[in-house]
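Me: I've got a model open and would like to talk through its fold before setting anything up. Can you walk me through it?

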Amino acid sequence: MSNPLLYSFRRCPYAMRARWALLVSGLLVNLREVALKNKPPELLQASSKGTVPVLIDIDGTVIDESIEIMHWALKQADPLNGLRSGKTTEQQEINQLIEQNDGPFKYHLDRFKYAYRFQGEDAEKHRNMAREILLEWNIRLAKQESNNCHGWLVGESQSMADWATWPFVRQYRLADPSNFDLDQDLQAIKRWLEAFLKHPLFIRLMTPTEPWQRTDPPKSFPVDACLVNTNQALFHLALIEDWEEACNQGVYQCSTRGLNLKKIGFIHLSYQHQLKSTYNQFYRDIGPVFSLKLNPEELTMPLRAEPSSEGELFPHLFGALPLRAIELVETYP
Ligand SMILES: N[C@@H](CCC(=O)N[C@@H](CS)C(=O)NCC(=O)O)C(=O)O
């Protein structure tokens with residue numbers, strides 16, 4: 001098997017958070033969409049629990065818990081530091097929030113959203129209990145908001161806590177959208193949720209997919225991406241001052257002109273034949289820049305070819321550019 005395999009269900013919030021971590025980490029998997037009423041025997045053979053998501057790694061390891069799939073992905077590449085490596089207090093907060101989501105929030109959400117499945121339960125009571133938790137999260141988010149920018153659940157940037165919970169808050173909203181949208185006490189949560197729903201990754205997360213059939217050719221996730229052709233050299237255009245700073249710091253972290261890896265989540269690269277148009281589109285007005293020729297074998301972080309807004313596939317590197325990967329630095333043009 002060339003890629004890991006993911007059994008998923010498009011609208012399942014557990015599967016959504018696992019796919020979000022895959023999107024963020026730059027990994028590519030083979031996707032098998034599952035109809036929950038007709039689970040394929042291959043899924044049940046891999047995990048008798050019969051839940052999605054399930055990931056089967058290339059060495060055959062089966063991971064059948066969404067949080068563990070997120071960890072598996074982000075341990076390989078975490079360009080936005082969603083795991084908060086080296087920040088123990090923030091890690092503890094993240095774990096507590098995920099436990100609160102997967103425990104009480106999900107419990108009340110189910111009894112509110114799927115009231116017909118829970119005879120004798122008071123749906124309104126459960127709506128309010130779930131809302132109490134959202135009010136707590138709203139306070140957290142509001143504290144972090146600045147200059148009309150929504151906050152994140154833990155610290156000053158997005159983390160596993162946000163990625164693991166927003167699909168469940170989306171479900172809460174979907175149970176009664178107009179009530180949620182009019183709730184004046186959940187303003188910060190609404191802005192935070194909207195940031196995910198309007199995020200460019202959301203469309204890629206939710207691309208409609210037919211349930212997998214044994215005779216289907218392999219389908220990748222993200223569906224619009226593919227492996228980078230590492231038989232050819234890869235290039236990156238760098239501003240002269242950014243390159244000089246990287247030489248001083250020992251690592252290059254710019255994504256494209258004026259935007260860094262932490263902001264974008266990956267570093268923009270080009271195949272040789274794309275250099276000219278990249279230069280003309282983004283750098284021409286400042287005169288010469290440096291073209292960095294990269295040895296793909298030295299790039300250990302995930303590489304994924306992804307479409308630009310015009311649909312052309314460009315290589316993206318989901319981590320910092322190690323200086324040892326740079327074979328040649330030339331003035332361009
Ligand atoms: N703890 C599991 C829960 C996954 C889960 O419950 N997924 C639901 C779909 S949202 C499922 O597969 N249910 C099985 C079914 O409906 O038959 C995880 O985090 O991966």
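**Strand pairing and packing**

Reply: A place to begin is I56, which stands opposite V62 in β4; please keep in mind that this is a predicted model.

Me: How many bridges join β3 to β4, and do they run parallel or antiparallel?

Reply: β3 and β4 run antiparallel and are joined by 2 bridges.

Me: And what's the strand order of the open sheet with 5 strands?

Reply: That open sheet has the order β4-β3-β1-β2-β5, and its pairing is mixed. Its edge strands are β4 and β5 (220-221), each of which pairs on one side only.

Me: OK, moving to α3: which of its residues are buried?

Reply: In helix α3, which covers residues 66-76, the buried residues are S66, I69, M70, W72, A73 and L74.

Me: What do those buried residues pack against?

Reply: The buried residues of α3 pack against two helices and two strands, namely α1 (13-25) and α6 (160-175) together with β3 (54-56) and β4 (62-63).

Me: Switching to the ligand, which residues are around it?

Reply: The residues around the ligand are F9, C12, Y14, L36, G50, T51, V52, P53, E65, S66 and I67. By class, this shell divides into 7 nonpolar, 3 polar and 1 charged.

Me: Now the other sheet, the one with 4 strands: what's the order there?

Reply: Those 4 strands form an open sheet in the order β11-β6-β12-β16, with antiparallel pairing. The edge strands are β11 (270-271) and β16 (326-332), and each pairs on one side only.

Me: Does anything pack on that sheet, and if so, which helix?

Reply: Helix α12, residues 275-282, packs on the sheet and touches β6, β11, β12 (289-294) and β16, while its direction makes about 20 degrees with that of β6.

Me: How many bridges are there between β6 and β11?

Reply: Strand β6, residues 234-238, pairs with β11 in the antiparallel sense over 2 bridges, and the bridge partner of L234 in β11 is Y271.

Me: Different topic. Where is I189, and is it buried or exposed?

Reply: I189 is found in helix α8, and I189 is buried because 27 other C-beta atoms lie within 10 Å, where 20 or more is the cut-off for a buried residue.

Me: What does I189 touch, leaving out residues up to four places away in sequence?

Reply: With those left out, I189 touches L134, W137, N138, L141 and V169. For one of these, N138, the C-alpha atoms of the pair are separated by 5.2 Å although the residues are 51 apart along the chain.

Me: And R191, where is that?

Reply: R191 also has its place in helix α8, which spans residues 187-197. R191 is partly exposed, since it has 17 other C-beta atoms within 10 Å, a count between the limits of 12 for exposed and 20 for buried. R191 and L141 are 50 residues apart in sequence, yet 9.3 Å apart in space from C-alpha to C-alpha.

Me: Last thing, the whole chain: how many helices and strands are there?

Reply: The protein has 12 helices and 16 strands. Its radius of gyration is 22 Å, close to the 20 Å that the globule rule gives for 333 residues, so the protein is as compact as a globular protein of that length.

Me: What does the C-alpha trace span, and what percentage is buried?

Reply: Along its principal axes the C-alpha trace spans about 75 × 50 × 35 Å, and 37% of the 333 residues count as buried. Among contacts with a separation of 6 or more, 72% are between residues 24 or more positions apart.

Conventions: Residues are numbered from 1 along each chain as its sequence is written. This is a predicted model: local features need pLDDT of at least 70, side-chain atom pairs count only at pLDDT 80 or more; totals for chains, interfaces and linings use all residues. Two strands pair if DSSP finds at least two bridges between them. Two residues are in contact if their C-beta atoms, placed from the backbone, lie within 7 Å. Axes are lines fitted to C-alpha atoms, for helices over the stretch in contact, and angles run from 0 to 180 degrees between N-to-C directions. A residue is near a molecule or strand if its C-beta atom, placed from the backbone, lies within 6 Å of it. Ala, Val, Leu, Ile, Met, Phe, Trp, Tyr, Cys and Pro count as nonpolar, Asp, Glu, Lys and Arg as charged, and the others, Gly among them, as polar. The radius of gyration is taken over C-alpha atoms; the globule rule is 2.2 Å times the number of residues to the power 0.38.
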